[in-house]
Amino acid sequence: TMTQTDTRNDLSAVVAADRAHVWHHLSQHKPFETTDPRVYVEGKGLTLWDATGREFLDAVSGGVWTVNVGYGRESIADAVRDQLVKLNYFAGAAGTVPGALFAERLIEKMPGLSRVYYSNSGSEANEKVYKMVRQISHRHHGGKKSKILYRERDYHGTTIGTLATSGQKQRAEQYGPFPEGFVEVPHCLEYRAQWDTAGYGRRAADAIEEVILREGPETVGCLVLEPVTAGGGVIVPPEGYWPRVQEICRTYDILLHIDEVVCGLGRTGTWFGYQNFGIEPDFVTMAKGVASGYAAIACTVTTEAVFDLFKDDAADPLGHFRDISTFGGCTSGPVAALENMRIIEDEGLLENTKAMGARCLANLRDLMDRHPVIGDVRGMGLFCGAELVVDRATKEPMDEARVQAVVAHCLSQGVIIGATNRSLPGYNNTLCLSPALTVTAAEIDRITGAIDAALTAVFG
Ligand code: PLP
């Protein structure tokens, strides 16, 4: 049961208000004409309670890989409260105490990078990079080196600009027209191999070079990649991929932008996903796990070399990054982020992520013996996926209705799991697990046990 009852609100009236007035994210609302929407009231650790008093184990950290340190963290709430009564906000050409201190702590974890630009969503953090790249092109390459390459299956946000870099085409459908200069490169998922699988990592990276040569390297300013692709199907790039990507970027003077919106702050068992692969990015963006959803904060991090390109002529009125994010000036974000980082460190959550992630993947692989609909299991740290197929031999993708039936069956058992890319036919087939980094062995076993039971119920 909930640790506190909600004495302030009549919860059935709350659900009615939600049904009458809230337009939910990513939702077709027709079903709510006959059923109540779910409204969550309280959380502790990985456990959630809804307005009907039902208890759930959350295996997706708040739906979208966000609540890395779990629910109900009083120390974050206390830190935010203390800061808000001292100074809640200032934005523009000045700093705040938590903004300075969190930037310093963050940079300690990111050797080679040195500057932090604050905003408040992953989409926005990515847009900042696109603007920086475009401005660098105008100031240093005569406006020519302005194309931004993105990868099939990757996702970078929901704004018109970031949707122009959506490797998940249906997300962008019906929202055009889009701005120009964004070009797709092929995905690197070996399970859905597009080339001979010998040396697949290198081959998939070479495909990026082919696009660069086709477009003209002098026109390409930046390449944006997720370190481990999230919504596109939990894709860990194959061996040999990253060193070749780095080499290609250096050869053609292309800035490398790693989108850590999902992987950042521990999800893969290291502070950042790219740190598993030994790469040196020019830009890193992050959002979700930075303050685990206790406050809205996003960061665009870059090198001193990039930063210096924006201060080469103090007399030029256009010679600086002419951008602002109003809520990039909220102190709640960096103060929550500081405490979030302290928790990850002091509670050994990176180590727990590695250990529990390995357990989760092993459990999912065990399920393959009993459930032929699992075609592939993949992941890194507490970021695990199981791709469902109609037939292991042909790898025909499972249809959305049955994938959603598995998700719904888990929910009926009180376990919230995810499935990547509902909106994409053929891609909407990977069950996704991303529990809080505090997850225990018993909780992992309960989550994979629920999937076992759901697969049996749906497929026999
Ligand atoms: N980048 C990646 C890899 C994401 O998964 C997401 C959101 O799911 C975003 C960017 C966009 O972040 P936001 O929803 O905070 O704008």
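**Strands, a helix and two domains**

Visitor: How do you know that β1 and strand β2 are joined?

Guide: Between β1 and β2 (residues 47-50), which run antiparallel, there are 4 bridges. Two strands pair if DSSP finds at least two bridges between them, so β1 and β2 count as a pair. One bridge partner is T47 in β2, matched with K44. The model is predicted: local features need pLDDT of at least 70, side-chain atom pairs count only at pLDDT 80 or more, and totals for chains, interfaces and linings use all residues. Residues are numbered from 1 along each chain as its sequence is written.

Visitor: What makes β1 and β14 stand at the edges?

Guide: The strand order is β1-β2-β3-β14, in an open sheet of 4 strands with mixed pairing. β1 (40-44) and β14 each have a single partner strand, so one side of each lacks a neighbour in the sheet. In general, strands of a sheet pair through backbone hydrogen bonds, either parallel or antiparallel.

Visitor: Why is α14 called a helix?

Guide: Helices are DSSP runs of H or I with at least four residues, and strands are runs of E with at least two, numbered from the N terminus. Helix α14 (residues 441-459) has 19 residues. From first C-alpha to last, α14 reaches 27 Å, close to the 27 Å expected; the expected span is 1.5 Å times one less than the number of residues. After α14 comes G460, with a positive phi near 85°.

Visitor: Which residues of α14 are buried, and which are exposed?

Guide: A residue is buried if 20 or more other C-beta atoms lie within 10 Å of its own, exposed if 12 or fewer, and partly exposed in between, with C-beta atoms placed from the backbone. The buried residues include E443, I444, I447 and V458. They fall within an arc of 145° seen down the axis, so they line one face of the helix; the arc is that of the directions from the helix axis to the C-beta atoms. On the other side, A442 and T456 are exposed.

Visitor: What makes up the contact of domain 1 with domain 2?

Guide: The bounds come from an automatic or database domain assignment, which gives domain 1 (11-69 + 348-459) and domain 2 (75-346). The contact takes 31 residues from domain 1 and 26 residues from domain 2, where contact means C-beta atoms, placed from the backbone, within 7 Å. On the side of domain 1 that touches domain 2, α12 gives the most, with 5 residues.

How values were computed
Two residues are in contact if their C-beta atoms, placed from the backbone, lie within 7 Å.
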